[in-house]
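Hello,

I am passing this structure on to you. Please have a look at it first; my notes on what was found follow below.

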There are 2 protein chains.
Amino acid sequence: MNDLKDMMRALEQEDGEEKNLTPKQAQILKAAVEIFAEKGYASSSTSEIAARANVAEGTIFRHYKTKKDLLISIVTPFMAKFMVPFFAARFTRRVFDEPPEEFRSLLSTILKDRFAFAAENAPLLRIVLQEMAFHPELQQRFQDVFIKDVYPKFEAALDRLKQGGQVVDKPNSTIIRMIMSAVMGFLITRFILSPDLDWDDEREIEETVAFIMYGLAEK
Amino acid sequence: MNDLKDMMRALEQEDGEEKNLTPKQAQILKAAVEIFAEKGYASSSTSEIAARANVAEGTIFRHYKTKKDLLISIVTPFMAKFMVPFFAARFTRRVFDEPPEEFRSLLSTILKDRFAFAAENAPLLRIVLQEMAFHPELQQRFQDVFIKDVYPKFEAALDRLKQGGQVVDKPNSTIIRMIMSAVMGFLITRFILSPDLDWDDEREIEETVAFIMYGLAEK
DNA sequence: AATAAAAGTGAGTAATCACTCACTTTTATG
DNA sequence: CATAAAAGTGAGTGATTACTCACTTTTATT
């Protein structure tokens, strides 16, 4: 009935980011996220991570074979948790079941939801954006989740919205790029580039929704 | 009469990226750009740069005091050359002189122009996007150029377009964020994330222009 | 309580790093 | 041509790196 939550639970268990964690292991993950976000993966040393985690350096390598293994263990579960709800089954079904005027509230729901998630995980978002470029393993994982899981559902929803006359007849890839640019552009500006500005979050979210909606409206 | 070109010439001379360069120095810059773009600044070694440039390692430090000095020398002139033409005097004047229906062709001109520049300098774009996060000097330089130079002209043009009924009455900061998200989202997807796809560049540019225009149109 | 497995430790190590410096070669100047 | 300044060199250096390993401590199992 709620397959999104099921999926999330499965994701969490599979990698054990919040399950079966030794206290020291949790300290290591916390310290690593902080330091990776601050100075970048390549400029972070395992000795500094150990120090901030109040742990001996050897303890890190007891749980993670290499420093890169530590990065992967941090980043891949986050990537899935960030991307999947973008167009998870729950949202997609809504597009098909409800009247076509729901495009606006669908966008609004997604954006609010991902906004809250980004707010809680800003350092992780930063790490992913920074390190994706240099680690093929992460790019592969992105492909697996986005191309095979998110993209098809995104397309299906768009096709339906086009039929309902809600969205212009442009290539799906183009539309998806535009939506993702607007959403990610907002989240990155809000949480990475200028987190300390006086943001009127509700308004910015609604303005962004309106921007996407009118930008993609059938003329 | 053509103050954009004057400005560009001044920028080029001031740092001497293409003037007064020893042949070996040019080789060093070329190799550094390549390697920084490939593996990131922190993971690039001066020995590897020297090797690819066919130069002794000491030669690098004859011209650049530190490795970071080499990065700065590469990145700051590019940053200015990339940002200034976004809303340089030449473009802004056009908004004030020509009829208000010119919003579309203004966007189109800017996007085509920056597209061509990004196409020629994709590795540099990659380096800037990656390294901005970790080098306060680069953030400062960004502030100097964008906030003090580009942003005010951007605002003036928007105010005029709002008066002409071409653009919705939202906060300028919000509108600028949306335009920059759409433009950068396109350039990053096109040249960084998926440069090898079969792109119909002219169409994507026009679609992006239309997306921005309708997204910001007065309703 | 006995025993084994898992978790934790920190000194040690080989490799790599950015950078220096005494020296040679090339270029510019009068 | 003489001379000095600028450009180029590469072996050398001290600091830092990710990772190992022999050992101790804690936890789980019977």
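This is a predicted model, so please read the notes below with that in mind.

DNA strand D

The surface near DNA strand D draws on both protein chains: helix 3 (46–52) and helix 4 (57–63) of chain A, and helix 2 (23–39) and helix 4 (57–63) of chain B, each supply at least two residues. Helix 4 of chain B has the largest share, four residues. In total, 18 residues surround this strand, and the closest are A:S45, A:K67, B:K24, B:A56 and B:G58. Sorted by class, the surface near DNA strand D has nine polar, five charged and four nonpolar residues.

DNA strand C

Around DNA strand C there are 18 residues, the closest being A:K24, A:A56, A:G58, B:S45 and B:T66. The elements that give two or more residues to this surface are helix 2 (23–39) and helix 4 of chain A, together with helix 3 (46–52) and helix 4 of chain B. Helix 4 of chain A gives the most, with four residues. The classes on the surface near DNA strand C are four nonpolar, nine polar and five charged residues.

Contact between the protein chains

Chains A and B also touch each other: 25 residues of chain B are in contact with 25 residues of chain A. On the chain B side, helix 10 (172–193) and helix 11 (201–216) are the elements that give two or more residues. Helix 10 of chain B gives the most to that side, with nine residues. Of the residues on the side of chain B that touches chain A, twelve are nonpolar, eight polar and five charged.

How the two copies are related

In general, two copies of a chain are related by a rotation about an axis and a shift along it. Here, a turn of 180° with a shift of 0.0 Å along the axis lays chain B on chain A, with an RMSD of 0.0 Å. The two copies are therefore related as by a two-fold rotation axis. Both copies use the same surface for their contact, as 100% of the contact residues of chain B recur in chain A.

Which residue of chain B comes closest to the rotation axis? That is B:G215, whose C-alpha lies at 1.8 Å from the axis.

Regards

Key:
Residues numbered from 1 in each chain as written. Chains lettered and ligands numbered in written order. Predicted model: local features only at pLDDT ≥ 70, side-chain atom pairs only at ≥ 80, totals over all residues. Contact = placed C-beta atoms within 7 Å. Nonpolar A, V, L, I, M, F, W, Y, C, P; charged D, E, K, R; others polar. Near = placed C-beta within 6 Å. Least-squares fit on C-alpha atoms with pLDDT ≥ 70 in both.
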